Amino acid sequence: MSSFMSDQIIVGNLGRDPEMRYQPSGTPVTDFSVAVNRQYTNNAGERISDVVWFRISTWGKQAEVCNQYLKKGSKVLIEGRLAYDRATGGPRVWQGQDGTYRSGYELVAR
């Protein structure tokens with residue numbers, strides 16, 4: 001589980017415009033999603049495209065800057081702490097409206 005506690009770096013594109021909200025204390029928080037794409041060739045010679053989605057949260061002044069300058073499609077490099085599901089120690093898992101199971105990773109940006 002120690003790998004979940006260390007800082008991670010991802011590079012990808014915003015999947016939606018950032019959304020900013022305020023904590024009861026007045027601290028701004030901005031959330032957005034980032035798609036990280038990977039392409040490779042499997043053993044059969046087929047070209048495979050894979051996408052992993054991350055939910056990103058930023059706080060304070062950084063939240064305000066992200067909300068102001070980022071938009072859907074923006075290329076970003078994010079460094080932060082990988083958050084995990086405390087019950088399982090892995091990514092958050094849920095069932096989508098279509099009945100398929102999905103998982104999501106959350107990164108708290110630094």
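## Salt bridges: the E79 network

A residue is partly exposed when its relative accessible area falls between the 20% limit for buried and the 50% limit for exposed. E79 has 34% relative accessibility, so E79 counts as partly exposed. This structure is a predicted model.

E79 has a charged partner. Its side chain meets that of R110 in a salt bridge, at 3.4 Å from N to O. The two residues sit in distant parts of the chain, 31 residues apart. E79 belongs to strand β5, which spans residues 75-83. R110 is in the segment after β7. R110 is exposed, because its relative accessible area is 60%. A further residue joins in: D7, E79 and R110 form one network through salt bridges that share partners.

## Salt bridges between strands

How many salt bridges does the structure hold? The count is 6. Besides the bridge of E79 and R110, two others deserve a closer look.

D31 pairs with R21. Their closest N and O atoms are 3.1 Å apart. D31 lies in strand β3, residues 28-41. R21 lies in strand β2, residues 19-22. The pair links distant parts of the chain, 10 residues apart. Is D31 buried or exposed? D31 is buried, because its relative accessible area is 18% and the limit for buried is under 20%. R21 is partly exposed, at 39%.

R38 pairs with D50. Here the closest N and O atoms are 3.9 Å apart. R38 is in strand β3 and D50 in strand β4, so this salt bridge ties together parts that are 12 residues apart in sequence. R38 is partly exposed, with 46% relative accessibility. D50 is partly exposed too, with a relative accessible area of 31%.

## The aromatic pair

The model has 1 aromatic pair. Such a pair is described by the distance of the ring centres and the angle of the planes. In this one, the rings of F54 and Y105 have centres 5.6 Å apart. Their planes stand at 35°, so the pair is tilted. The cut-offs explain the label: stacked planes are under 30 degrees apart, and edge-to-face planes are over 60.

Which strands hold the two rings? F54 lies in strand β4, residues 47-59. Y105 lies in strand β7, residues 101-109. The pair therefore ties together parts that are 51 residues apart in sequence. F54 counts as buried, at 12% relative accessibility. Y105 counts as partly exposed, at 26%.

## The largest pocket

The largest pocket has a volume of about 230 Å³. F54 and Y105 are among the residues that line this pocket. The others in the lining are S33, V51, V52, W53, R55, W94, R102, S103 and G104.

Which elements give two or more residues to this lining? They are β4 and β7. Strand β4 gives the most, with 5 residues. By class, the lining of the largest pocket has 6 nonpolar, 3 polar and 2 charged residues.

## Bringing the parts together

Strand β4 comes up in several places. It holds F54 of the aromatic pair. It also holds D50, the partner of R38. And it gives the most residues to the lining of the largest pocket. Strand β7 holds Y105, the other ring of the pair. Strand β7 also gives two or more residues to the pocket lining. Strand β3 holds D31 and R38, which take part in salt bridges with R21 and D50.

Conventions. Residues numbered from 1 in each chain as written. Predicted model: local features only at pLDDT ≥ 70, side-chain atom pairs only at ≥ 80, totals over all residues. Heavy atoms only, no water. Phe/Tyr/Trp six-rings, centres within 6.5 Å; stacked < 30°, edge-to-face > 60°. Helix = DSSP H or I, 4+ residues; strand = E, 2+ residues; numbered from the N terminus. Buried < 20%, exposed > 50% of the residue type's maximum accessible area, 1.4 Å probe, protein only. 1 Å grid on protein atoms, 1.4 Å probe; cavity = no way out; pocket = protein on both sides within 12 Å on 5 of 7 lines; lining within 4 Å. Points joined across faces, edges and corners; volume = space filled by probe spheres on them. Nonpolar A, V, L, I, M, F, W, Y, C, P; charged D, E, K, R; others polar. Salt bridge = Lys/Arg side-chain N within 4 Å of Asp/Glu carboxyl O.
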